[in-house]
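Okay, thanks for making time, everyone. I'll put the structure up and then talk you through the parts I'd like you to look at.

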Amino acid sequence: MHMVIDYRSGTYPFDAAVTDKDDRVVALVEVKETPRSNWPEILAPRLKGMSEGVEFILAVDLGAIRVYRIERNVLGDPVAVFGTAGILSHYDADFSKRRVFQPYLLTLVEAWLRDLAYHWRSESPPGQDELRESGFLSRLEGGGTRRLDV
């Protein structure tokens, strides 16, 4: 039986969920408009009591997109790290030239994740090979994203 947890609650305040083809949550996304160096400290307390099935967390800021694997409710080192501008410029050519706020940053991240799932924009979305190696891509294929507005 698939356990459902409200990730929008005070314990799990994430911005979006990534679902597999069966609409099960496999990853959670947290977006900050300013670069962070302390993602592990921000995310680690949120892992207690995390639902089985949530295997990854994407921590996104204007500097980097970090993909973490969760194993036994422990956040390890990132399995993939991408420059945010390198990935998201594929979906907004002027990304590096404008001031970007959190809602738009999340929109671009969702566009990228949907491209990885469905190849709506390109046959080889940026970061595809690295995400395949981590196992994240196979979980995302045919899935999507869902906003978790608090």
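Before anything else, one cut-off, since I'll lean on it in a minute: when I say salt bridge, I mean a side-chain nitrogen of Lys or Arg within 4 Å of a carboxyl oxygen of Asp or Glu. And when I say buried, that's under 20% relative accessible area, with exposed being over 50% and partly exposed in between. Also, keep in mind that this is a predicted model.

So, with that cut-off in hand, have a look at Asp115, which sits in helix α3. Asp115 is buried, and yet there's no salt bridge for it. Which side chain of opposite charge comes nearest to Asp115? That's Arg121, and it's 5.8 Å away, so with a limit of 4 Å the pair doesn't make the list. What does the Asp115 side chain reach, then? It gets to the backbone nitrogen of Ser122, at 3.2 Å. If you skip the neighbours within four places in sequence, Asp115 is in contact with His90, Tyr91, Trp120, Arg121, Ser122 and Pro125.

Okay, zoom out to the sheet. We've got six strands in an open sheet, and the order reads β5-β4-β3-β2-β1-β6, with mixed pairing. The edges are β5, residues 74-83, and β6, residues 144-147; each has a single partner strand, so one side of each is left without a neighbour in the sheet. From one strand to the next, the twist averages 25°. And here's helix α3 again, residues 102-118, the one with Asp115: α3 packs on the sheet and touches β1, β2, β3, β4, β5 and β6. The direction of α3 makes about 155° with that of β6.

Let me walk along one part of that sheet. Strands β3 and β4 run antiparallel, with five bridges joining them; if you want to find the register, Ile57 has Tyr68 as its bridge partner in β4. Then β4 and β5 also run antiparallel, this time with seven bridges, and there you can look for Ile65 standing opposite Phe82 in β5. As a reminder for when you're rotating this on your screens, side chains in a regular strand alternate between the two faces of the sheet.

Between β4 and β5 we have a hairpin, with two residues between the strands. For those of you who like backbone torsions, this is a good spot. Most residues other than glycine have a negative phi. In this turn, though, Arg72 has a positive phi of about 50°. Asn73, in the loop between β4 and β5, isn't a glycine either, and its phi is positive at about 60°. At 35% relative accessibility, Asn73 counts as partly exposed. One more of these: Asp23, in the loop between β1 and β2, has a positive phi of about 65°.

Right, back to charges. How many salt bridges does the count come to? Fifteen, or 15 if you're taking notes. Let me pick out a few. Asp22 and Arg24 meet at 3.2 Å, N to O; Asp22 is partly exposed at 44%, and Arg24 is partly exposed at 35%. That pair belongs to a network of salt bridges linking Asp20, Lys21, Asp22, Arg24, Glu55 and Arg139. Over in helix α4, Asp129 and Arg132 make a salt bridge at 3.3 Å. They're three residues apart in that helix, so about one helical turn separates them. Both partners are partly exposed, Asp129 at 49% and Arg132 at 45%.

And then there's Asp61 with Arg66, a salt bridge at 3.5 Å. Are those two buried or exposed? Asp61 is buried, and so is Arg66. So put that beside Asp115, which is buried with no salt bridge.

Last stop is Ser89, in the loop between α2 and α3. Ser89 is partly exposed, at 26% relative accessibility. Its side chain reaches the backbone oxygen of Ala85 at 2.6 Å. Not counting residues up to four places away in sequence, Ser89 touches Thr84, Phe95 and Ser96. And the C-alpha atoms of Ser89 and Pro126 are separated by 9.9 Å, with their positions 37 residues apart along the chain.

That's my tour; over to you.

Terms used. Residues numbered from 1 in each chain as written. Predicted model: local features only at pLDDT ≥ 70, side-chain atom pairs only at ≥ 80, totals over all residues. Heavy atoms only, no water. Pairing = 2+ DSSP bridges. Helix = DSSP H or I, 4+ residues; strand = E, 2+ residues; numbered from the N terminus. Axes fitted to C-alpha atoms, helices over the stretch in contact; angles between N-to-C directions. Contact = heavy atoms within 4.5 Å. Buried < 20%, exposed > 50% of the residue type's maximum accessible area, 1.4 Å probe, protein only. Lys, Arg positive; Asp, Glu negative; His and termini not counted. Polar contact = N/O pair within 3.5 Å; in protein donor to acceptor, adjacent residues only side chain to side chain.
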